[in-house]
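Hi,

Here is the structure I said I would pass on. Have a look at it first, and then read on for what turned up.

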Amino acid sequence: MKIGIDIGGSHIGIGLVDNNGSIVLKKETFIKDKTNIESRIERYITENVIEILQAYGVNQIGIAVPGTVTDKEIIKAVNLGIKNYEIGTIIQENLLKLGYTVDVKLKNDGKCAALAEQKYGALKGYDNSIFLCIGTGVGSAVIFNGKLLEPKNVPGFEFSHTIIHKNGALCNCGKRGCFEVYASLKRFKEKLVKEFNLNSIDGECVRNFIRQNPDNSTLKYMINNYIEDLSIGISNIINIFEPEAICLGGSFAEYEDILYQPLKKALLTGNLLFNKRCDIIIKLAELKNDAGIIGATLI
């Protein structure tokens, strides 16, 4: 068994994963305050990993991180406000001081989730596919000829920071008009909370509100705008890679009737694809938000 850790834009998930890709034990916390976030992350991971190490014989830990990473260091994670943080080395050394010899490796969270879906989930059996993790931000990965495509020096394939609106809204990366700004489910929910004075940004609260107000014209307009931006960004990816299948994960996977079905319709019946294709498969992630944890063990 191995330990997989998923550091998201708003949460940390830690799981003990068996050889079949099943999570045997899971711990999770939400990141609300990003003050001194590096020490908060380090402390939470170390404390909870020790509990698992005490009970199970584990010698490998994989960490999925939203941003640019090496196998030991977070170069930058813009949604967390972290730069040049050698979390892999730090945690590995902390555990060694406590008597645990464990190899700790990092990988971009979108790539981890894609590996998990390819081996155990929605992308199993496809040689050429795209994975998008839509939540706080947009993680992404390309599977080509059965293998994860990776540039030599950095993770790459950051579709989230391609521009879909010239001089558009400011992204956390410092650019304007990034796909992530318009595709982020968190930002979409924040807009609904502000517009309709909802009590919470919690996904269940937002989904219930949408389902209970199907005829609200303002709500329809906001959903249509979100789908339009999302479909433009995804159509660009399809036009470049022409994948067999696209898998949509992250929190987006919880919005099947609300967002997924309208998005499929926009992509398959609209005028966005250069090569009209009725055979392209657009699927929701099967592993949901556990894909990052499971994929981290495949590093």
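Let me start in a loop: Asn 167 sits between strand S11 (147-148) and helix H4 (179-183). Bear in mind that this is a predicted model. Most residues other than glycine have a negative phi. Asn 167 goes the other way, with a positive phi of about 55 degrees although it is not a glycine. Its side of the story on solvent is simple: the relative accessible area of Asn 167 is 64%, and exposed means over 50%, so Asn 167 counts as exposed.

There is a second asparagine to look at. Asn 197 also has a positive phi, of about 55 degrees, and is not a glycine either. You will find Asn 197 in the loop that links helix H5 (185-196) and helix H6 (203-212). With 66% relative accessibility, Asn 197 is exposed too.

One more positive phi, this time at a glycine, belongs to a hairpin. Strand S6 (residues 74-77) pairs with strand S7 (residues 82-85) in the antiparallel sense, over three bridges. Ile 74 has Tyr 85 in S7 as its bridge partner. Four residues lie between the two strands of this hairpin, and Gly 81 takes a positive phi near 70 degrees there.

From the hairpin it is a short step along the chain to Thr 89, which is part of helix H2 (residues 87-97). Thr 89 and Ala 77 are 12 residues apart in sequence, and their C-alpha atoms are 17 Å apart in space. Is Thr 89 buried or exposed? Neither: its relative accessible area is 25%, and buried means under 20% while exposed means over 50%, so Thr 89 is partly exposed.

Now the whole chain. There are nine helices and 13 strands. The radius of gyration is 19 Å, close to the 19 Å that the globule rule gives for 299 residues, so the chain is as compact as a globular protein of that length. Along its principal axes, the C-alpha trace spans about 60 × 45 × 35 Å. Of the 299 residues, 51% count as buried. Looking at contacts with a separation of 6 or more, 63% are between residues 24 or more positions apart.

As for the surface and the charges, the chain exposes about 14100 Å², with 47% of that supplied by carbon and sulfur atoms. It carries 35 positive and 34 negative side chains, and the centres of the two sets are 3 Å apart.

Cheers

Methods: Residues numbered from 1 in each chain as written. Predicted model: local features only at pLDDT ≥ 70, side-chain atom pairs only at ≥ 80, totals over all residues. Heavy atoms only, no water. Rg over C-alpha atoms; globule rule 2.2 N^0.38 Å. Buried < 20%, exposed > 50% of the residue type's maximum accessible area, 1.4 Å probe, protein only. Contact = heavy atoms within 4.5 Å. Areas by Shrake-Rupley, 256 points an atom, 1.4 Å probe, with all protein chains shown as cover. Lys, Arg positive; Asp, Glu negative; His and termini not counted. Charge placed at Lys NZ, Arg CZ, Asp CG, Glu CD. Pairing = 2+ DSSP bridges.
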